[in-house]
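Here are some notes to read beside the model. Please keep the sequence and the 3D view open as you go.

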Amino acid sequence: MALMNLEFLLPHRLWWLLVPIGITCLYVFLLLRRPHTTPSRPSNLSRILPKDRAWKRHLAVGAAVLSLVSLVVAYAKPKDYTEVPRERATVIVAIDVSRSMMAQDVKPSRLAAAQTAAKEFVSSLPPRFNVALVSFAATAEPLVPPTTDRGAVERAIDGLQLQPSTAIGEGIYTSLDQLKLVPPDPKDPKAVAPAAIVLLSDGATNSGRSSLQAAKDSKKLNVPIYTIAYGTANGYVLENGVRQPVPVNHGELLDVARASGGKKLSAESADQLGKVYRTIAQDIGYEKVFVEVTERYAGLALLCGFVAALSVISLAARWP
């Protein structure tokens, strides 16, 4: 038996839901039978005692019924999708170091802001994740093989140098090559950990192999690519004293993400880039697992029971 994504290990126990349903029907029936007329001349006692507040009675009954419903659901042992942290994965960080990255539409420059955000991203990943670093311009260069040494990756990020041209396809293929160097898990040497490529770029491919074909090959290996289109439409660099526009090419990065089964994101400032990296860290660092969630509904029953108890105490104390 399922309700949306919710399933139950013992669905026959849901018949107990007839109890809170019956209580609700009885309460409504009694409300409808209750006379709504008030005496024309109130007694002296009614003047002294505070009036009963109907909303408190409704709240007490409603909370009690919800508590019973939650208890029945918990009793049936529900299962649902929930996010749990991955124990192990491999993330390849690929950063565009083409000369357009020296544009200052993102302060202090596209590259400097990207370096800061990339280091924060690397440090936020779970300790057992392997991280590799690849830079690309006219060609791609593997800078750090997959490792759990965050310091080594961060130092390599600090050392990134600008170069001419852009070869997104080469960056993807070099990133895929790094996956062959992932060290086996000592606890389970035969296990293949999930992997993803996080590729930041501000331009379009003008060198090397096709980025779209590289993305398709990445999908075949079940390696999604998270592309980050970084920069603004007004970015420019100075070449011999002349402004050269370097607008971000969103189209190619969107095609790459879609073809690989990944996700395309955009950032036009250092703050936005930080948020984008945090979003990716959440996507990569957690996975949805179908597990028993009995405690979720038991906790909800406890909360509703607490509200019902407070409402009853309030009525009993005759609070105004």
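1. Start with Asn-222. This residue is found in the loop between α7 (211–220) and β8 (225–230). The model is predicted. Asn-222 is not a glycine, yet has a positive phi of about 60°. Its relative accessible area is 65%, over the 50% cut-off, so Asn-222 is exposed.

2. Ser-165 has a backbone of the positive-phi kind too: its phi is about 75°, although Ser-165 is not a glycine. Look for Ser-165 in the loop between α5 (150–158) and α6 (168–178). Is Ser-165 exposed, partly exposed or buried? Its relative accessibility is 32%. Buried needs under 20% and exposed over 50%, so Ser-165 counts as partly exposed.

3. The loop between α5 and α6 also holds Gln-161. Gln-161 has 56% relative accessibility and therefore counts as exposed. How far apart in space are Gln-161 and Thr-24? Their C-alpha atoms are 70 Å apart. In sequence, 137 residues separate Gln-161 from Thr-24.

4. Move on to α6. Ten of its eleven residues are buried, so α6 is largely enclosed by the rest of the structure. The buried residues begin with Ile-168, Gly-169, Glu-170, Gly-171 and Ile-172 in the list for this helix. Tyr-173, Thr-174, Ser-175, Leu-176 and Gln-178 are buried as well.

5. Helix α3 covers residues 54–75, which makes 22 residues. Does its length come out as expected, or not, at 1.5 Å a residue? The expected span is 32 Å, and the end C-alpha atoms are 32 Å apart, so the two agree. Just after α3, Lys-77 takes a positive phi of about 55°.

6. Which residues of α3 are buried? Lys-56, Arg-57, Ala-60, Ala-63 and Val-65 are among them. Ser-67, Ser-70, Val-72, Val-73 and Ala-74 are buried too. A general point helps in reading such a list: an α-helix has 3.6 residues a turn, so residues three or four places apart point the same way.

7. Arg-57 is worth a separate look. This arginine is found in helix α3. Its relative accessible area is 18%, and the cut-off for buried is under 20%, so Arg-57 counts as buried. Arg-57 and Leu-71 lie 14 residues apart along the chain. Their C-alpha atoms are separated by 21 Å.

8. Next, the rings. Arg-13 lies over the face of Tyr-75, at 4.0 Å from the ring centre. Arg-243 lies over the face of Tyr-236, also at 4.0 Å from the ring centre. As for ring-to-ring contacts, the structure holds one aromatic pair.

9. Check one peptide bond. The bond from Lys-107 to Pro-108 is cis, with omega near -5°. Pro-108 is found in the loop between β4 (90–96) and α4 (110–124).

10. Last, a pocket. The second largest pocket has a volume of about 220 Å³. Of its 15 lining residues, the closest to the centre are Leu-179, Val-182, Val-192, Ala-193 and Ala-195. How does the lining divide by residue type? Twelve residues are nonpolar, two are polar and one is charged.

Note on methods. Residues numbered from 1 in each chain as written. Predicted model: local features only at pLDDT ≥ 70, side-chain atom pairs only at ≥ 80, totals over all residues. Heavy atoms only, no water. 1 Å grid on protein atoms, 1.4 Å probe; cavity = no way out; pocket = protein on both sides within 12 Å on 5 of 7 lines; lining within 4 Å. Points joined across faces, edges and corners; volume = space filled by probe spheres on them. Nonpolar A, V, L, I, M, F, W, Y, C, P; charged D, E, K, R; others polar. Helix = DSSP H or I, 4+ residues; strand = E, 2+ residues; numbered from the N terminus. Expected span 1.5 Å × (residues − 1). Buried < 20%, exposed > 50% of the residue type's maximum accessible area, 1.4 Å probe, protein only. Phe/Tyr/Trp six-rings, centres within 6.5 Å; stacked < 30°, edge-to-face > 60°. Lys NZ or Arg CZ within 6 Å of the ring centre and 35° of its normal.
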